[in-house]
Amino acid sequence: MNPLLASDAGLAYDSAMETARTIADVRRAVAAARGAGKRIHLVPTMGALHEGHRSLLRAARADGRLVVASIFVNPTQFGPGEDFERYPRPVEADLDICGQDGVDVVFLPSVAEMYPPDGRTTVHVAGLTKRLCGAHRPGHFDGVTTVVLKLFNIVQPDAAYFGQKDGQQVAVIRRMVADLDVPTEIVVCPTVRDTDGVALSSRNAYLEPDQRRRARCLIEALRLGEAMIRDGERRPDTITRAIRARIEATGGCTIDYIEAVDLATLEPAAWIDRPCMLAGAIRIGSTRLIDNVVVDVSDGGG
Ligand code: AMP
């Protein structure tokens, strides 16, 4: 028994953490809780859990809901030559973390369980998915939206938790949920960072020590852009040029993109006069890192 859960009042179902490997099993586990009147909160992940994921698990747990964490390295969101094969899969450590953070049900499906060979349907959000990471990872967001909608249909969560770290993913999923009338609340949690500011990411494990030091330049440059906006700069080109220059000065990194975009539509900002996201992706060696900062000039800054 998980003592955290056992202390929950009024649970009418077994509160030990369950590991479900099939859609039927996770549906069964969730149905019992739903029948007991519990709200269901879903945290979709690809595993290799770190403090960023844990912040989502804890936020989902905070209200005493039934928390389902999915751990699935989704092949359809990786392009040819990307890191699907070498993506870390420390399943035992992930299950320990889920237990510590009060997860009730871990959904750990196989690729065959999620994608039977006769599947023919994908979910495509137009427009937003062409920009930023979408321009550099063709098909990536179709993989994301398809797997997320499948998880939503499998678990039927009242709320699902995502990290602002993947800012474009948040905008795309919000659009999908609005367009397809998905009855799931999307909760977005702040980016969790290492002490030097670098956003936690499962991919940071790929970095050699020297590369990890260089990785700081992305958030430092984005914060420079944020400071320029707070100091009154409103020209997106001036801001993105300064961000690029800061990254280029570090050396050893290749810029995929640096952009100032509208937070919801991801359209390039013509002028910084509404909430915007300064978003960037860089490559260090063969590792691709992304990050963003959200700046709202209407909140008193700038
Ligand atoms: P992933 O396992 O990379 O697919 O991420 C699963 C979820 O965790 C996504 O909603 C991510 O945005 C979120 N996430 C990943 N890294 C962080 C972080 N450093 N801070 C907050 N959320 C994160």
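# Exercises on a helix, a ligand site and three residues

R28 and G35 are the exposed residues on the face of helix α2 turned away from its buried side. The model is predicted. Work through the exercises in order.

## Exercise 1: the length of α2

Compare the expected span of helix α2 with the distance between its end C-alpha atoms.

**Solution.**
- Step 1. Helix α2 runs over residues 23-35, which makes 13 residues.
- Step 2. The rise is 1.5 Å a residue, and the expected span is 1.5 Å times one less than the number of residues. For α2 that gives 18 Å.
- Step 3. The end C-alpha atoms of α2 are 18 Å apart, so the two values agree.

## Exercise 2: the two sides of α2

List the buried residues of α2. Then find what they pack against.

**Solution.**
- Step 1. Buried means under 20% relative accessible area. In α2, the residues I23, V26, A29, V30 and A33 are buried.
- Step 2. These residues cover an arc of only 135° around the axis, so they sit on the same side of α2.
- Step 3. An α-helix has 3.6 residues a turn, so residues three or four places apart point the same way.
- Step 4. The face turned away from the buried side carries exposed R28 and G35.
- Step 5. The packing partners of the buried residues include four strands: β1 (18-20), β2 (40-45), β3 (66-71) and β4 (105-107). The helices α5 (111-114) and α7 (140-155) are also partners.
- Step 6. After α2 comes G37, with a positive phi near 85°.

## Exercise 3: around the ligand

Describe the residues around the ligand, then its polar backbone neighbours.

**Solution.**
- Step 1. The ligand is surrounded by 17 residues. The closest are M46, H53, D166, V192 and L200.
- Step 2. A polar backbone atom of M46 is 2.9 Å from an oxygen atom of the ligand.
- Step 3. For G163, a polar backbone atom is 3.0 Å from a ligand oxygen atom.
- Step 4. A nitrogen atom of the ligand lies 2.8 Å from a backbone N or O atom of V192.
- Step 5. On its own, the ligand has 490 Å² of accessible area, and the protein covers 92% of it.
- Step 6. Two or more shell residues come from each of β2, α3 (51-62) and β5 (159-163). Helix α3 gives the largest share, 3 residues.

## Exercise 4: D291

Is D291 buried or exposed? Which side chain does its own side chain meet in a polar contact?

**Solution.**
- Step 1. D291 is in strand β9 (residues 287-295).
- Step 2. Its relative accessibility is 4%, so D291 counts as buried.
- Step 3. The side chain of D291 makes a polar contact of 2.8 Å with the side chain of R193.
- Step 4. Beyond neighbours within four places in sequence, D291 touches R193, A199, L218, I219, L222, L278, A279 and G280.

## Exercise 5: Q211 and T254

Place Q211 and T254 in their elements. Classify Q211 and T254 by accessibility, and list the contacts of Q211 and T254.

**Solution.**
- Step 1. Q211 is in helix α9 (residues 209-214). Its 18% relative accessibility means that Q211 counts as buried.
- Step 2. Setting aside neighbours within four places in sequence, Q211 contacts Y206, I284 and G285.
- Step 3. T254 belongs to strand β7 (residues 254-262). At 49% relative accessibility, T254 counts as partly exposed.
- Step 4. With neighbours within four places in sequence left aside, T254 contacts A281, I282 and R283.
- Step 5. T254 and R288 are 34 residues apart along the chain, and their C-alpha atoms are separated by 9.2 Å.

Methods: Residues are numbered from 1 along each chain as its sequence is written. This is a predicted model: local features need pLDDT of at least 70, side-chain atom pairs count only at pLDDT 80 or more; totals for chains, interfaces and linings use all residues. Side-chain values use heavy atoms; hydrogens and water are left out. Buried means under 20% relative accessible area, exposed over 50%, partly exposed in between (1.4 Å probe, protein chains only). The arc is that of the directions from the helix axis to the C-beta atoms. Contact means heavy atoms within 4.5 Å. A residue is near a molecule or strand if one of its heavy atoms lies within 4 Å of it. A polar contact is a pair of N or O atoms within 3.5 Å; within protein, one must be able to donate a hydrogen and the other to accept it, and residues adjacent in sequence count only if both atoms are side-chain atoms. Accessible areas come from the Shrake-Rupley method with a 1.4 Å probe; for residues, only the protein chains shown count as cover.
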